[in-house]
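Got your viewer open? Let's take a short walk through this one, stop by stop.

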Amino acid sequence: LTATTDINIPANVGLTFGDDGEKIEGDGTDLTISGNDIKLDAADNVDIDSDTATRFLDNGTLFATLSNASGISFTCNTSDGDINLKVMMVGQLLQL
């Protein structure tokens, strides 16, 4: 394949890799990248730019939100949930 312009894949048609375990698909509005593990690796920065917030989900359930609300805001979206900060110090994991 030698492309000289953009390659347009129609909405709701995905691009799969190998045994179809990884897939990239768009529906005309949202882009879905799926796989067992998804790795972002950059020699410099990884930029995540959102006009509203960055949401964290587990199996489709929202559990945390990171946003810019007059500073940085990290929200636990789990009812009665905690935010735990941990640091590795001299081989021991300490909770702050």
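Start with the contacts across the whole chain: residues 24 or more positions apart make up 0% of the contacts with a separation of 6 or more in the protein chain, where contact means heavy atoms within 4.5 Å. Bear in mind that this is a predicted model, where local features need pLDDT of at least 70, side-chain atom pairs count only at pLDDT 80 or more, and totals for chains, interfaces and linings use all residues. Residues are numbered from 1 along each chain as its sequence is written, and side-chain values use heavy atoms, with hydrogens and water left out.

Next, switch to cartoon view. You'll find eight strands and zero helices in the protein chain; strands are DSSP runs of E of at least two residues and helices are runs of H or I of at least four, numbered from the N terminus.

Now zoom out. The C-alpha trace spans about 55 × 35 × 25 Å along its principal axes. The radius of gyration is 19 Å, while a compact globule of 96 residues would come in near 12 Å; that radius is taken over C-alpha atoms, and the globule rule is 2.2 Å times the number of residues to the power 0.38.

Turn on the surface. Of the 96 residues, 2% are buried, meaning under 20% relative accessible area with a 1.4 Å probe, protein chains only; over 50% is exposed, and in between is partly exposed.

Finally, select Thr78, in the loop between β6 (72–76) and β7 (86–89). Why does Thr78 count as partly exposed? Because its relative accessible area is 41%. Add Phe63 to the selection: Thr78 and Phe63 sit 15 residues apart in sequence and 5.3 Å apart in space, C-alpha to C-alpha.
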